[in-house]
Structures are given as C-alpha cells and as structure tokens.
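Reader: I'd like to learn how to read a model like this one, feature by feature. Where should we begin?

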Amino acid sequence: MQRYSALALIKQSLNGHKGWKPQWRDPEPKQSYDAIIIGGGGHGLGAAYYLAKKHGIRNVAVLEKGWIGGGNTGRNTTIIRSNYLFDESAALYDHALKMWEGLSQDLNYNVMFSQRGVLMVAHNVHDEQSFRRHVYANRLNGVDNEWLTPEQAKAFCPPLNIAPGMRHAVTGAALQRRAGTARHDAVAWGYARAADALGVDIIQNCEVTGIDRDAAGHVTGVRTTRGRIGARKIGVSAAGSTSLVMEMAGLRMPLESYPLQALVSEPVKPIFPCVVMSNTIHAYISQSDKGELVIGAGTDAYVSYSQRGALHIPMHTLEAICELFPIFRRMRMMRNWGGIVDVTPDRSPILGKTPVPGLYVNCGWGTGGFKATPGAADLLAYTIAKDEPHPINAPFNLERFGAGQLIDEAAAAAVAH
Amino acid sequence: MKLLPPRSPIKGSQEMLLIPCPYCGNRPEIEFAYGGEAHVVRAAAPRTVDDTAWTEFLYFRKNPRGDHAERWRHAYGCGRFFNVKRNTYTDQIEASYRIGETLP
C-alpha cells in the first residue's frame, strides 16, 4: 500500500502528482474464497478489513452489486454518537465510537472524524424526562452525556432559536461532546484501500443472485452476475436489501425496508459548529466541511425500495429547521435523495449467526447505521472468524424476537431514529 | 372497485402517493396511515400456536421488492382500513380492495 503522509505529498508534488496509484485493485472474482462479504458499504468493507487484519483470514471477497459506498454509506447524514439508553446498546455504539477515535490513523486514511458534539434538543416535558433519563443511564455506562439549559444550548450552538413562544420551544438539550460527524465516502474508501492492501478482493458490479447450500444445509457459495463463487463462510451486510439476500438462503427476516431521505443546502461559510438533532420534530442538521448544511428527514411511511421518497417528508423537516434556525430561512436546498433502511421491530440491529450454518448477518441498523460502521464491521468479522458472537453483539441475535428479549430502543426514544 | 391512480413510476419523481380508497376514491397520501403487510392473520386460538409461529406472526414480514399487499387506513377521511397492492420498487399502486376481499 502506498502510505499517505505529508512527506509523500511533497515527494509526489515534485513529479507533478503523476506517481499516485489506484487505491484498490479491480480484480476478477476467484473460484472460491475462505469468506465472502455480501455488500460493499462501510460495514461490509470494514468486516473484510478486520477479518484480514485481526483474524488472519485474508482470502476474502467483498461483493457489491453497484459501486462501493453507493448505498446507505453514501446517503446518510454522517452523524456519530453513542448515547443510547440500554446497557447492550450503549456497549455496542460506544465500542464503535471508541474505534472512530483511532480510525484515521489505523487506516492511514483521513476519514475526517470530527468530535464537534451532538446536541439533542428537547421541546416538551416528555422529551426532557426521556433525555435526562438517557443522560443518567449513559453516565452509568461510562458514556458521556450532559444536560444543558436552553441558554447553555444556545451558547454551544449560537444559531439555535430559543425564543419562548415559538411553535417548538426549546426546553433544554442533551449534549454528547464525544459525538460528531465523519466523511462518509472516505470511510468506505479508507476501508477498501486498507482491506485491498491485505489481500481482500473488492468486486464491484457483482450482484448476488443465489446462495448455494450442501445437503447438510451449510453454505457452499454464491451465484452472482459474474459467475459462481465458492465460500464456506458468508457474511451478509446488505442493509435495505437484506430480506432479499436472506430469502436466497430460505430465511425470512424481522425486517421492513423504508426510504429515509436527506438533503443538502448550497454551501456557505462555517456557521454551524455542531450537530443538532430533534427527534420530536424530525430534524437532524450539521454543516459539512464543504459548507453545505446536511439535513436528515424522517422515513416515508411505507415499505419501498425506490431510493427516493415523497417531497412532503423533507418539507416537514425543513419547516422545523426554519423554526429552530430562522437564520436559514432563505437558504436554498441543492440536492435531495433517499436510501433504503432496514428496520427491525425493536429498532436495534441484528448482528450474529443465522439458522443456516456458515451464514452470518449484520442488518437492521435502520436509520442509524453509519455511526456504528467500525464497531459493526469489527464484530461481524469476529463472529465470522470465531463462528460465535462477541459478548458485545451476543444480545443482538436473531433469536431475541422469539425469546422476547427485545432491546427496545424504539420505545426508549419514543420516536423513529 | 377499479381505481388506478396516475402515480408516475419515473425514477426521481417526488410525488407523494395518490391512494385509491375503495370508499372515497383517489386521495393524497397524507390523508392515510400505513398499516403494514396485509393478510397477516392472528391465530384464532393463540394458545395452541407454538413460539415459532407466534414470532412469525408478530415480527417476521415478507418485505419484498416488487408486488406487496399492504393495509392502509383513511385516517383523515372515512377512517376505514382497506388493502392496497403496490409495487415496492416503482411505488406504482396496482389495485385497492376492501378488507375481506381477496388480492386481485
């Protein structure tokens, strides 16, 4: 791998930057691999990287039906936080957050992780009680989170409107200072480059069309648009398309896929210092390093794979944004898109083994999978390598629905998130 | 009832759904509440059902890319539940029918 550094930049500048090599190869698929990852987003590429790096399994392929990072990895609003209520969730998301803190160095790739703080705004008594409960629960779990008065929230985020009498008055806010954002494309590219350097084949434009199994039911490989590829271990990390992939192995999933929309404004000078979320009125906003306001809306109401959504959903969000931040009322929105998110009944992910031997799944991250990227990738790799879940992802098994051991973050937040 | 809405299947279209209520006719999506997959039937005697079947009923869904039978409720209209057959890839609604009727 060609290492990136200030020195390398100076050296390359001396010959007109003509010496940079492609960041990863474009290999033809081999006949078989030790392990296959289906889905070339951050989670899947990261899982391949950790399989090679931590577990010595380097004969690995990542199969991506489109281009890497072209699904939800490239469509989310890049918010990273770990202030979840339940012990299992706090452990899972904080595992990821700790990995984010060293990721750029680990990958030798600047993922632009910025711990600018995530401010979750409360608008009513219910919000306030819920967020304060989160603050206490998080602190008991070693996750930083603090309660701010409206004045303190405005000091932290000056564009915030805290005037009394507004429709969605701000009654306080919970602040996680270690939370923030990262550059989503760089996460996919950084993992791809680092995995490729360890021998992982990244195979794009390769859609899986079937999963083969032997007489005992164990997986033996996949059929794809680029031919059959053998493997005794297959990890599925296909987000919104998980139900479709798992059906190829004869499995039904407790998932529904919905469009989740986001949009960006025209770029402006730095004005917005942190991330602000309002679960109650469905507004998620930050400013990218390019200067665009990055705004997340809610999901559309119905199951869809269309990767778009209806306009009334972002309009609802923009009305709330204009009320919370009157300074943005005249800004123009540049682009609007949708990604397909796979939602579980308890709004917690499924990460572990499946009833099919050799088949592992990482799905159900719903509307908040980006923040978990390094953690999910690490735990999926562990589960595939050891054929058993890590203690952190053990509670997030597929059997919890039948066993009644839900990790009910949906009820904990009382909104979609 | 034959009511086919003029929902455009063109990629990039941002219209909301125009949903054919079998009682009221074509109405915009914001008048409706989504009710999830249709024809998920609760067992007549739940105590006789094993854990696997009960879990299937509660949590597991088809979630197809393609034709999907789903329930909608005309929440800000007649208030009634009915079923819709919609393609989840194009979002084109192909039919709507009353509760108790079979999928056309």
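Author: Let's begin with Arg347(A), which sits in the loop between β17 and β18 (350-353) of chain A. Helices (H or I, at least four residues) and strands (E, at least two) are DSSP runs, numbered from the N terminus. Keep in mind that this is a predicted model, where local features need pLDDT of at least 70 and side-chain atom pairs count only at pLDDT 80 or more, while totals for chains, interfaces and linings use all residues. Residues are numbered from 1 along each chain as its sequence is written, chains are lettered from A and ligands numbered from 1 in the order in which they are written, and side-chain values use heavy atoms, with hydrogens and water left out.

Reader: What is phi of Arg347(A), and how do I read the sign?

Author: The general idea: most residues other than glycine have a negative phi. Here, Arg347(A) has a positive phi near 60° and is not a glycine. Arg347(A) is partly exposed, with a relative accessible area of 34%. The cut-offs are under 20% for buried and over 50% for exposed, with partly exposed in between (relative accessible area, 1.4 Å probe, protein chains only).

Reader: And Asn63(B), is that buried or exposed?

Author: Asn63(B) is buried, at a relative accessible area of 2%. Its phi is positive too, about 50°, although Asn63(B) is not a glycine. You'll find Asn63(B) in the loop between α1 and β4 of chain B.

Reader: How do I read the interface? How big is the area buried between chain B and chain A?

Author: The size of an interface is often given as the accessible area lost when the parts come together. Buried area is just that, taken with a 1.4 Å probe and summed over both parts. Between chain B and chain A about 2500 Å² is buried, and carbon and sulfur atoms give 48% of this. On the chain B side, Gln14(B), Tyr59(B) and Asn63(B) lose the most area to chain A, together 29% of what that side buries. The contact (heavy atoms within 4.5 Å) takes 30 residues from chain B and 29 residues from chain A.

Reader: How many salt bridges does the rule find across it?

Author: A salt bridge is a side-chain nitrogen of Lys or Arg within 4 Å of a carboxyl oxygen of Asp or Glu. The rule finds two of them between chain B and chain A. One of these pairs is Glu56(B) with Arg252(A), at 2.8 Å from N to O.

Reader: How many residue pairs are in polar contact between chain B and chain A?

Author: A polar contact is a pair of N or O atoms within 3.5 Å; within protein, one must be able to donate a hydrogen and the other to accept it, and residues adjacent in sequence count only if both atoms are side-chain atoms. The count here is 12 residue pairs, both residues at pLDDT 80 or more. Elements giving two or more residues to the chain B side are β3 (33-37), α1 (51-59) and β4 (67-73) of chain B. Of these, α1(B) gives the most, with three residues. That side divides into 10 nonpolar, nine polar and 11 charged residues. In that split, Ala, Val, Leu, Ile, Met, Phe, Trp, Tyr, Cys and Pro count as nonpolar, Asp, Glu, Lys and Arg as charged, and the others, Gly among them, as polar.

Reader: Now the fold. What pattern does chain B follow along the sequence?

Author: Chain B has one helix and six strands, in the order β-β-β-α-β-β-β. Of its 104 residues, 42% count as buried.

Reader: Last one: how do I check a helix? What span should helix α7 of chain A have?

Author: Multiply 1.5 Å by one less than the number of residues to get the expected span. With 14 residues, α7 (residues 184-197) of chain A should span 20 Å, and its end C-alpha atoms are 20 Å apart, which agrees. Of those 14 residues 12 are buried, so α7(A) is largely enclosed by the rest of the structure. Its buried residues, including His184(A), Tyr191(A) and Arg193(A), pack against α2 (42-55), α3 (87-101), α4 (103-107), β8 (201-203) and α10 (373-386) of chain A. After α7(A) comes Gly199(A), whose phi is positive, near 105°.

Key: Buried area = accessible area lost by both parts, 1.4 Å probe.
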